[in-house]
Amino acid sequence: MDKALIRKEILYISSDPTVTEVHVGVFPVKGRYFRKSMECRQSGIFELKVDLPRGKSFIHYFLNRDFTRPVNSELTMISVYDSHKRSPLILETEPFSPLQFENSSAYISHIKDDIWEIRAITHHGWIEEVVFETSDRSYSLTRFFQYKNKSFWKSRVRLQGEYLHYYLKIAGVRQVRYYHPGSILSANVHQNNLFVFNLESNQKSDSSAHLLGYQVFPDRFHRTKEEPVKDYLETWGKTPDYYKFFGGTIKGIINKLDYIASVGAEFIYLNPVFHSKSYHRYDCIDYFKLDPLLGSEEDLKKLVEEVHSRGMKLILDIGLNHCSTDFFAFKDVLEKGKNSAYRNWFEISGFPLIDGLQYNYSCWHGYKELPQFNLENPEVEDYFLKVVEKWIGHYYIDGWRLDVCTEMPESFIQRFVARTREINPEALIVAESWHFDESIFSGMCAIDGFTNYALYLDVLTPFFIKESISVRMLVYKMLEVYYRNSYHFSRDSWNFLSNHDVARFYSLLNIKNLYEPALTLLFALPGTPVLYYGEEKGMEGLGDPLNRRCMEFDDMDVESKTKSFVTYLSQVRSEHSEIFKSGSLSFPLVDSAKRSFILERNFEGESLYFLFNFSDTATIFSKDGEEINLEPYQVEIVFSVNGSVPGMITDTLKDTRNPINIL
C-alpha cells in the first residue's frame, strides 16, 4: 500500500432483506471518482476496504446495481439537497504533537513586500510561549485564540534574503522544548538540524487579488426583449427542470453589465459557454465554438470589451476532465472502434465501446453521457493548449475556473496553467475543489486558489443553517480552515454562500434575519467573496434544478434592501482594499453566551472591526466610551486607527486594552 494512503473499512448496514448487493461510490481527496462492490459479510452487513489519501473524501452507495440512484443517510449527508447524496469520510495521519507546524507557506506566509506572517498551533495547555528563532533574531508569536487546549498563534514580521534558517521554541513554566525538522522536540537546540525556508520562491505578487466576483449562469441570467424567442425555449421564469433551456444569451449579459458593476464586482465568472448538449454546458461538444444558443463569437468579443471598459474581468468555467458523447473524437471511436485514431483520447477498457448495458469506457461519476479524457495523452493536451490560445490569446478572456480539478492529473494542470500564463501573466485561475488544502497540488501547478467548500461545509452551514455550533466553535472552525493554506492562497480563493451546485443560502435559512450577518461574514473573511446571480436580492431555490432559476429583473426597478446592503459591503472592501488584500485576521472578543463576536482585519495600524450580533436580543458594544447598540441579528462595521489588540482571546474575554467591548 502507498504510504501516503490510509486503509479505511467502510460498512453499510441494511435492515431491508431485498438489498442483496451494495456498491460504494468514492469521491477521493485527489484522483478520479471510483465505484467498488462491497462484500456481504452476513445478511444486511456489507463491508469494503479502500486506500484513500489523507483528508476529507466523500462517499455514497448504490443498492442492487441501481446506479441511477445514489443513497445515503440524511444524518450524515452534507445536505439533503445534494443530488449526489455525499457523506464526508475524514482520514488524518498526523502524529499527535504539542506543536503543529510545517516548513511551508501555510505557516511562513508571505503577505506583501518583506512582510510575512508566521503561524503555529499548539495542543497542550502548559505552553505559554512560542518563539521563532533564526540565527540573528527571535520573533515571539502571539496567542490570539484558544479552544480547549488548542491555541492559535501568529506574528507579522519583516524578513529579507533568499533563505531562512530557523527552529521554534515552545516554553511553559516548567519546561522548554525546541522544534526541529522531522517533528523532533528536544531539550536542546541542534544547530546542525535547522529548518531551511526559501523566502524568494515563496514570495507572491498581488496581481490576482480581487475584492468581489459575480457568478452568472448563462442560460438563466437574461435575454433581451429584442432577441427572438425560439419554440424550444421555456417561458422565462417558469419553474426549471433538469433539461429545459430558457434562452439566456451573451447579449443579455451585456445588457446587464451596469447592474453587475453596481454591486461592486471586479470580475464576472461565467458557467460554461462552449457548444454543448445541455443547458448547464458541462457536456461540451466543441471547445473551440461558443454555444450558438448563447449568440455569436462577435457577441463574446463585445462582452469582453464591455467588461474591460468597466474595469472588470471575465473568467470562464471550463470542464477539461470529460466531454459529451457528441464530441468529435468520441464519435469517431464509437464509429471506428479499435481503428479510431482517437482511441487513446479516452480511458477505454474494451471494445465494442457499448456492449448492451455495459459501457467499456471511463465516464464521470458513472454518467455514460460524460466520457472522461485520457489527460495523460499528449494529443489531448495539445488540443486543450490550442483551446487556451484561442480564448485567452484571441478573445482576451482573463482566466479560468477549472471544473473538477482534483480529478485531473497534475502534469496536465501544470501545462494548461503554464500556457495560460504565457499568454496572459495576470490570468486568474481558480480550481473547483471540495478539499481546501493547497498542498493537494504541488506548487508547480501555480493555481491561484480553490472554491472554498470547507468554509461553506464546515463553518457557514453548521452555524447558520443547522444552528448546531456555538459562536466560539464558529471562530475555531474558521481558524482551522484558514490555517491550512498560505495567506495568498486563502485570499485568492472564492468564498460563497451559494452556487450552481448547492442550494441557495437564503432558502436554507430558518432565520431569514441572519442573511445579512452571513453576507457580512463572507465579505469580512480572507478570500474573494463571489455572489451567485440573484443572491444580492435574496433569490430563493433549493437543490438542483431549483437553485438555477431565471433571474427576474422586472421586479428590481426599485433597489432592494439586500442589494443596497451588498453594495455597501463591496464599498467597504473597496475603500479599505489594503486591509482586505493584506490584513491579518483576529477576534478581539468572542461571547458564546450572548451569541456575539468581533472580527478584526488589521493592516499597518488600521483596523476594521465587524461587530456581529447573532442573537434575538439587543447587544451593547462600547468603543472609546461610546455605546453601540446592535439590534437582534444586526452587524456594525467600525474603522479605527491603531486599534489592533494583541493577547489571547477566550470565551467572553473582557480586555481593558480592547477599543470595543461587550457590556
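Select Ser-596, Ile-598, Glu-600 and Asn-602, whose side chains point one way from strand 32, and then add Phe-597, Leu-599, Arg-601 and Phe-603, which point the other way; all of these residues are buried. In a regular strand the side chains alternate between the two faces of the sheet. Keep in mind throughout the tour that this is a predicted model. If you colour the whole of strand 32, residues 596–603, by burial, you will find it mostly covered, since eight of its eight residues are buried.

**The neighbours of strand 32**

Next, select strand 31, residues 584–591, which runs antiparallel to strand 32 and is joined to it by six bridges. To see how the two strands are matched, show Ser-584, which stands opposite Asn-602 in strand 32. Four residues lie between the strands of this hairpin, and with strand 31 and strand 32 both in view you can pick out Arg-595, which takes a positive phi near 50°.

Now move to strand 33, residues 606–613, which pairs with strand 32 in the antiparallel sense over eight bridges. Here Glu-600 is the residue to show, as it stands opposite Tyr-609 in strand 33. Strand 32 and strand 33 also form a hairpin, this one with two residues between the strands, and Glu-604 in the turn has a positive phi of about 50°.

**The cavities**

How many cavities of 30 Å³ or more does the structure hold? There are three of them, and the largest cavity contains about 130 Å³ of space. To find the largest cavity in the viewer, select Glu-117, Arg-119, Tyr-482, Pro-526 and Leu-585, which are the closest to its centre of the 14 residues that line it. Strand 31, which you have already visited, supplies at least two residues of this lining, and so does each of strand 10 (115–122), helix 9 (471–482) and helix 10 (487–492). By kind, the lining of the largest cavity consists of seven nonpolar, four polar and three charged residues.

The second largest cavity has a volume of about 90 Å³. Among the residues lining the second largest cavity are Gln-215, Tyr-269, Arg-401, Trp-494, His-500 and Val-530, which together make a convenient selection. The whole lining of the second largest cavity divides into five nonpolar, five polar and one charged.

**A buried asparagine in a loop**

Go next to the loop between helix 9 and helix 10, where Asn-485 lies. Is Asn-485 buried or exposed? Its relative accessibility is 0%, and Asn-485 therefore counts as buried. Show its side chain and follow it in two directions: the side chain of Asn-485 reaches the backbone oxygen of Phe-436 at 3.4 Å, and the side chain of Asn-485 also reaches the backbone nitrogen of Glu-438 at 2.7 Å. When its neighbours within four places in sequence are left aside, Asn-485 is in contact with Ala-106, Arg-119, Phe-436, Asp-437, Glu-438 and Ser-490. One of these, Arg-119, you have already selected among the residues closest to the centre of the largest cavity.

**The open sheet**

Now colour the open sheet of eight strands, which has parallel pairing and the order 28-27-26-23-20-19-30-29. Strand 28 (449–450) and strand 29 (494–495) stand at the edges, and because each has a single partner strand, one side of each is left without a neighbour in the sheet. The partner of strand 29 can be seen by selecting strand 30, residues 528–532, since strand 29 and strand 30 pair in the parallel sense over two bridges. At this edge, Trp-494 stands opposite Thr-528 in strand 30, and Trp-494 is also one of the residues lining the second largest cavity.

**Backbone details to finish with**

Most residues other than glycine have a negative phi, and most peptide bonds are trans. With that in mind, select Pro-352 in the loop between helix 5 (328–336) and strand 24 (354–355), where the peptide bond from Phe-351 to Pro-352 is cis, with omega near 0°. Then select Pro-545 in the loop between strand 30 and helix 13 (561–575), where the peptide bond from Asp-544 to Pro-545 is cis, with omega near 15°.

Two arginines complete the tour. Arg-65 is found in the loop between strand 6 (55–63) and strand 7 (87–91), and it has a positive phi of about 65° although it is not a glycine. Arg-281 lies in the loop between strand 21 (274–276) and strand 22 (284–290), and its phi, near 65°, is also positive. With a relative accessibility of 3%, Arg-281 counts as buried.

How values were computed: Residues are numbered from 1 along each chain as its sequence is written. This is a predicted model: local features need pLDDT of at least 70, side-chain atom pairs count only at pLDDT 80 or more; totals for chains, interfaces and linings use all residues. Side-chain values use heavy atoms; hydrogens and water are left out. Buried means under 20% relative accessible area, exposed over 50%, partly exposed in between (1.4 Å probe, protein chains only). Two strands pair if DSSP finds at least two bridges between them. On a 1 Å grid over the protein atoms alone, a cavity is a set of points where a 1.4 Å probe fits but cannot get out, and a pocket is an open set with protein on both sides within 12 Å along at least five of seven lines; lining residues have an atom within 4 Å of a point. Grid points are joined across faces, edges and corners, and a volume is the space filled by probe spheres set on the points. Ala, Val, Leu, Ile, Met, Phe, Trp, Tyr, Cys and Pro count as nonpolar, Asp, Glu, Lys and Arg as charged, and the others, Gly among them, as polar. A polar contact is a pair of N or O atoms within 3.5 Å; within protein, one must be able to donate a hydrogen and the other to accept it, and residues adjacent in sequence count only if both atoms are side-chain atoms. Contact means heavy atoms within 4.5 Å.
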